[in-house]
Amino acid sequence: MSGVDLEKLEALAGKTIGDVAGALSLYMAYLGDQSGLFDALDGQGRLTLDQFAERTGHNPKYLREWLGSVCAAGYVTHHAEDDSFSLTEEQALVFGREGQPACLQGFIQAVVSQYEGHEKATKIFRSGEGRPWGDHTQCLFCGTDRFFRPGYAAYLIENWIPALSGVEDKLKSGAKVADVGCGHGSSTILMAQAYPNSHFVGIDYHAPSIEEAQRKADEAGLSNIEFAVATAQDYPGNGFDFACIFDALHDMGDPVGASKHVRESLKDDGTFMLVEPMAGDSMAENMNPLGQIFYAFSTTVCTPNSLSQDVALGLGAQAGQKRLAEVLGQAGFGNVKRAAETPTNMVLEATV
């Protein structure tokens with residue numbers, strides 16, 4: 001123990017215990033989400049354990065332990081005076097109410113997916129090999145879509161597209177649009193619903209995601225949308241007025257090649273909107289909780305996917321605007337600017 005600052009040791013150990021508590025609390029939040037427990041409490045006022053068990057049909061012995069954990073975490077409110085439980089409006093928004101921007105259950109689900117595949121992730125990390133997105137569990141795909149979809153719903157049509165030069169008018173009158181790396185198609189569908197005169201093509205190299213995107217589009221009854229299985233470097237078609245990549249360029253092995261193909265598929269006056277995780281231009285600027293989270297996902301998901309593909313650039317989920325602008329410049333985009341931002345995303349507008 002020579003040379004150890006005991007106060008610093010105690011503080012670090014205390015922080016780590018808090019992190020362990022948080023990790024288990026996220027697991028409990030996931031259990032509550034998958035079991036419908038937060039929804040069952042929402043709007044019900046105070047419920048005793050027996051009332052909650054009767055309402056949910058769950059074993060009260062399990063519920064008692066679950067409630068003890070989530071109440072200690074502050075995710076559910078415990079009323080000591082009558083030993084009852086309730087949700088505040090804030091708790092309901094963060095842990096329930098699917099589709100609301102404040103709901104974090106998608107983020108939590110994506111975290112759980114990483115623990116689910118921890119053995120493979122450790123092997124990949126130690127070997128330095130790549131790992132494609134398709135090698136992860138379905139929980140990651142669903143969680144990622146759940147997390148990003150509410151933000152897109154809140155900002156894409158109302159804020160991001162209007163912030164681009166002349167794009168909204170083109171979309172309203174009728175434009176041809178490529179949504180590259182569309183995943184489950186949430187962003188593509190939102191745009192197709194908002195701009196019925198335009199035609200949208202969702203592109204992703206992961207066939208199961210395209211199948212899910214097509215299912216959702218069919219369910220929504222959209223006729224101005226189509227989906228294709230292809231990579232960002234070789235998707236078919238040209239003459240696009242507008243192209244976009246949402247939170248996916250940093251995952252690609254060859255982001256310069258992908259951006260170059262986007263540029264070549266656009267009309268001369270076309271616009272490329274790049275949405276990427278919020279980050280500063282240096283690691284020192286990203287020493288915050290958001291950077292901590294994005295660096296972690298980049299370690300087990302984003303960078304391994306990039307290293308599994310040709311070029312294997314490994315851009316990372318915290319590249320920052322300066323590095324992203326360099327990539328776009330190498331691809332032939334002469335003008336790059338930040339058009340909009342949210343606490344979790346930056347929106348870059350690129351033109352020739």
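**Exercise 1. The sheet**

Task: In this predicted model, determine in what order the three strands form an open sheet, and which strands are the edge strands.

Solution:
1. The strands are arranged in the order 1-3-2, and their pairing is antiparallel.
2. Strand 1 (47-48) and strand 2 (77-79) each pair on one side only, and they are the edge strands.
3. Strand 1 runs antiparallel to strand 3 (residues 84-86), and two bridges join them.
4. Within this arrangement, L47 stands opposite F85 in strand 3.

**Exercise 2. The nonpolar cores**

Task: State how many residues the largest nonpolar core has, and identify which residues have the most contacts inside it.

Solution:
1. The largest nonpolar core has 73 residues.
2. F272 and M273 have the most contacts inside this core.
3. Helix 8 (residues 138-160) supplies the largest share of the core, namely eight residues.
4. Beyond its neighbours within four places in sequence, M273 is in contact with several residues, including L156, W160, F242 and L348.
5. Another core, of 25 residues, lies apart from the largest one; A29, L63, Y75 and V112 are among its members.

**Exercise 3. A patch on the surface**

Task: Decide whether Y27 is buried, partly exposed or exposed, and name the residues with which Y27 forms a nonpolar patch.

Solution:
1. Y27 is found in helix 1 (residues 6-34).
2. The relative accessible area of Y27 is 42%.
3. Buried means under 20% and exposed means over 50%; Y27 is therefore partly exposed.
4. Y27 forms a nonpolar patch on the surface with V20, L24 and L31.
5. Together, the four residues V20, L24, Y27 and L31 have about 360 Å² of accessible area.

Definitions and conventions:
Residues numbered from 1 in each chain as written. Predicted model: local features only at pLDDT ≥ 70, side-chain atom pairs only at ≥ 80, totals over all residues. Heavy atoms only, no water. Patch = residues over 30% accessible without salt bridge, like charges linked within 9 Å, V, L, I, M, F, W, Y side chains within 5 Å. Areas by Shrake-Rupley, 256 points an atom, 1.4 Å probe, with all protein chains shown as cover. Salt bridge = Lys/Arg side-chain N within 4 Å of Asp/Glu carboxyl O. Helix = DSSP H or I, 4+ residues; strand = E, 2+ residues; numbered from the N terminus. Buried < 20%, exposed > 50% of the residue type's maximum accessible area, 1.4 Å probe, protein only. Pairing = 2+ DSSP bridges. Core = buried A, V, L, I, M, F, W, Y, C linked by side-chain atoms within 4.5 Å. Contact = heavy atoms within 4.5 Å.
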